[in-house]
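Subject: The structure, and what turned up in it

Hi there,

Here is the structure, with its sequence, for you to open alongside this message. Have a look around first, and then read on for a short tour.

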Amino acid sequence: MKILFAASLLLLALSHLSQVDASAYDKIVSHSRIRAKKQGINMCAIQEIIGTKKKYFSTCRNWYMGSICGKKALVLYECCPGYMQLEGMRGCPAAVPIDTIYGTLGVVKADITKQYVDMSKLTEQTQGAGSYTMFAPSDEAWEQLDATKRTELLNNENTLLYDALHCHMVSKRFLTKDLKNDMTLESMHSKLGLYINHYSNGIITVNCARIIHGNQVATNGVVHVIDRVIAPVKNTIRDVIGTNEELSSLNRAVKKESSLLGKLGQPGQYTLFAPTNKAFEKHKEGLKRILQDKTLVQAFLKYHLLSSVQCSEAILAGSRYETLEGSSIEIGCDGDSLTVNGIKMVLKKDIVTSNGVIHLIDQVLMPDSVKQVTELVGESQSTFGHQVTKLGLAAAMGPGAQYTLLAPLNTVFTDKVMSMDQHLLKIILKNHILKLKVTLSDLYNGQLLETLGGKFLRVFVYRTTVCIENACMVRGSKEGSNGALHLMKSLISTPSNSMYELLQKNGSFTVFLSLMEIAGLTELLKQEGAYTIFAPMDDAFDGVTEQDMKTLTSDINALRIILLYHFSNGIFISGGLEGSVTNLLETMQGSNLQMLSVNNSILVNSVNVPNKDLMASNGVIHVIKTLLYPGDLPVGREDLLYLLQKFIKYMQIKFVSGFNYKEVPFTFINKIITTHVVESVPEITITNITVIGVDSSVMKVESNPKVKHVVIEGKPKITKVTRIIKGEPTVIGGGQAFLDGEGEAGFTTRVIKPEPRVIEGPDFSKIMLIDAESEKISKLIKQGGAKRRAAVRRSPAAGMKRRVRVLRRHKPSQ
């Protein structure tokens, strides 16, 4: 007895040493041994689905859930494979005696298989010398076999039964660790294939029959007990589709896609969820459109196909698998039923072929890629879908054009929204439909998207989300055949007012707007662009006196720096902030603002933002009730420090005596200059021009051969050009000018400030010169006049007259 016990311990030690090379099946058995260690040595914990005889060495997931395929599982304790009990001893201390394959069939209780071995005259072979692997059907497996087939086997025991048993045998020993996924073994019956699949959950199948008791070592091989009788496999998936009468509709569809038809006839590892003829009939109308389009047919068929073999016995819980179409489906189980996308639709499981497995289903699977854009609307956006149909917007989205739906979730449609005037609601929802197909990967920051309502929506791309105007997306975007769908957290607003107009109309920002005007920053609120502003309400300046305003505005640089700390380039809405972390936002002053999004509210520098996401045509406004100040910037004047401390309570401002604020360059303000361009004639000197404002098409010219004075009648021709110039003014001779790069025809234009004025000049192409040089000058005008232009600008400062200097590129005047 002691020797037997020592041998058991040695076998256990050897099994642990081999865990490095263990298969998924072996690891699951080892886990089951650990779970049952309190029951005694070599005991394994088994889960049996209640109401069935199906037992599993279960995964951790199923073990802790206490269920398999959604059904409660009963925990049993049995001897682990290779061990047996001894009377009066706890656990399974004895190793099973090694015998031939024939004798081992009795040890593993495969009694019917052993009986059939005797009947078919295989006893001598299974007892003799050699090395074999036998996948032995359990007694339950034989009893589940179709009665007609079983009778046929027994009536032809020397041929059919003999071949059937040889179909379960391989002339080489394979332990579970040797049975690799996608391996094909040659059976002893006509070398027909035995197709092995070894899954990560520890399940091993042979032609989709599950090994329920593996690695029972024999003197001449090994026995693995399986849960069903294996049938010979000769056909490919294409062969089965072409010969099965239930799949004739599918066969016709597959023939439309020749490349796929060829693939299903070649070696591979596929799972096909094959819709029956009845499934096609159920979706006759929808399939008619799909089957007429080669691209849609390909997507439709590939959505039913996996590039791996998924036998039903390997499915213990729901898992997602990628289809050949590119999107994924969920395969699960509900008791004995196989489910696809949560629906019991599998009529027949595990039709094994030489290149995969087929499951017959009674519904067709529709990928998003073959659906119309209106068919993409799901349950969580059903209210939006209903309103689109009710208001007649669905009819506008025909199959010939492409659209994108920005679909708000059902929770957005509150009682207030639903009680809105239907005409107004229709206008709003029109701006949730884009005139083109835009997928999630097509979107980029700053993009403009035109809606069915004629508006242009701005796109904002953030670290963790994408937003369109004030509304941010949630997961669940879909792409259809003629459009795309994106799920939105809120209704989209389409702003038409600038930030300045919004603040002015509100009436609660008078002090802030006054300070902006004094600082010369008002244009920043009006000009086109994309800005974020934290606008302090009048409440932030409670108790401000006239003297306080003088103190705050006495240093223009200090005022500008404080105000610009409230601005940032770019539009940052609350939904674009990453939750529960500090988001740093660089301001136009240069320091950072610290923004935090928590529980649907935002804080800036620890200050609450009571009103957020006020969308403007040139940015977004977040309302605050206190002034903000950069924490890394000291104050150098005591009177200003006292005043800021009066307004700002959330932080301690540093004081550094004598600190001065630097001048802020106004590079962020766009200067708009209107230029009036006239045709110029090179190398012609006209010292005096008098324009007579008389309606006449005839020009009279008084001149002598040396032209000095020209009188012109008629209306001059003026060309106007508007340019937006960014930059700081450059001082020239005591005045201000903007250097505007190079003008046309190689000239450099220098523009004198301040305000622009229309300079009216003649159309030189109509000047008639009657003197000795007229012919020569006319030629010069024709050859060079149209090729060179000079941009002329003038500024009418009070008491100041400046002339425009037009400088040649290579010879600039000093």
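Strand S10 (residues 193-198) pairs with strand S11 (residues 204-206) in the antiparallel sense, over 3 bridges. Within that pairing, asparagine 197 has threonine 205 in S11 as its bridge partner. Please keep in mind throughout that this is a predicted model.

Both strands belong to an open sheet of 7 strands with mixed pairing, in the order S8-S7-S13-S12-S11-S10-S9. Strand S8 (169-170) and strand S9 (183-186) stand at the edges with a single partner strand each, so one side of each has no neighbour in the sheet. Helix H2 (residues 24-35) lies across S10, S11 and strand S12 (209-218), and it runs at about 85 degrees to S12.

**The chain as a whole**

Stepping back, the chain has 25 helices and 45 strands. Of its 814 residues, 46% are buried. The accessible surface comes to about 40800 Å², and carbon and sulfur atoms account for 51% of that. If you take the contacts between residues at least 6 apart in sequence, 64% of them join residues at least 24 apart.

**A second open sheet**

Another sheet to look at has 4 strands in the order S16-S17-S18-S19, with antiparallel pairing. Its edge strands are S16 and strand S19 (343-344), each of which pairs on one side only. S16 is joined to strand S17 (residues 328-334) by 4 bridges, and the two run antiparallel. For a residue to click on, try serine 319, whose bridge partner in S17 is isoleucine 331.

**Salt bridges**

Side chains of opposite charge can pair when their charged atoms come close. How many salt bridges are there here? The count comes to 17, and three of them make good stops.

One is between glutamate 313 and arginine 210, at 3.2 Å from N to O. Glutamate 313 sits in the loop between strand S15 (305-306) and strand S16 (319-322), while arginine 210 is in strand S12, so this pair ties together parts that are 103 residues apart in sequence. Are the two residues buried or exposed? Both glutamate 313 and arginine 210 are buried.

Another joins glutamate 450 and lysine 435, at 3.4 Å from N to O. Here glutamate 450 is in strand S24 (residues 448-450) and lysine 435 is in the loop between strand S23 (433-434) and S24, so the parts tied together are 15 residues apart in sequence. Glutamate 450 is partly exposed, with a relative accessible area of 28%, and lysine 435 is partly exposed too, with 43%. Salt bridges with shared partners also link Lys54, Arg210, Glu313 and Asp336 into one network.

The third stop is the salt bridge between the side chains of lysine 177 and aspartate 178, at 3.4 Å from N to O. Lysine 177 counts as partly exposed at 30% relative accessibility, and aspartate 178 is partly exposed with a relative accessible area of 25%.

**Helix H20 and its surroundings**

In helix H20 (residues 510-518), the residues Val511, Phe512, Leu513, Leu515 and Met516 are buried. What covers them? The cover includes helix H19 (499-506), helix H21 (522-526), strand S29 (531-536), helix H22 (546-553), helix H23 (556-564) and strand S30 (567-569). Just after H20, glycine 520 takes a positive phi of about 75 degrees.

**Two hairpins that share a strand**

In a regular strand the side chains alternate between the two faces of the sheet. Strand S32 (residues 592-598) shows such an alternation: Leu593, Met595 and Ser597 point to one face and are buried, while Asn592, Gln594, Leu596 and Val598 point to the other and are not.

Strand S31 (residues 582-586) pairs with S32 in the antiparallel sense over 5 bridges, and leucine 584 has glutamine 594 in S32 as its bridge partner. These two strands form a hairpin with 5 residues between them, and glycine 590 in the turn has a positive phi of about 120 degrees.

S32 is also joined to strand S33 (residues 601-604), with 4 bridges and an antiparallel run. There, the bridge partner of leucine 596 is leucine 603 in S33. S32 and S33 form a hairpin with 2 residues between them, and asparagine 599 in the turn has a positive phi of about 50 degrees.

Happy exploring, and write back with any questions.

Best wishes

Key. Residues are numbered from 1 along each chain as its sequence is written. This is a predicted model: local features need pLDDT of at least 70, side-chain atom pairs count only at pLDDT 80 or more; totals for chains, interfaces and linings use all residues. Side-chain values use heavy atoms; hydrogens and water are left out. Two strands pair if DSSP finds at least two bridges between them. Contact means heavy atoms within 4.5 Å. Axes are lines fitted to C-alpha atoms, for helices over the stretch in contact, and angles run from 0 to 180 degrees between N-to-C directions. A salt bridge is a side-chain nitrogen of Lys or Arg within 4 Å of a carboxyl oxygen of Asp or Glu. Buried means under 20% relative accessible area, exposed over 50%, partly exposed in between (1.4 Å probe, protein chains only). Accessible areas come from the Shrake-Rupley method with a 1.4 Å probe; for residues, only the protein chains shown count as cover.
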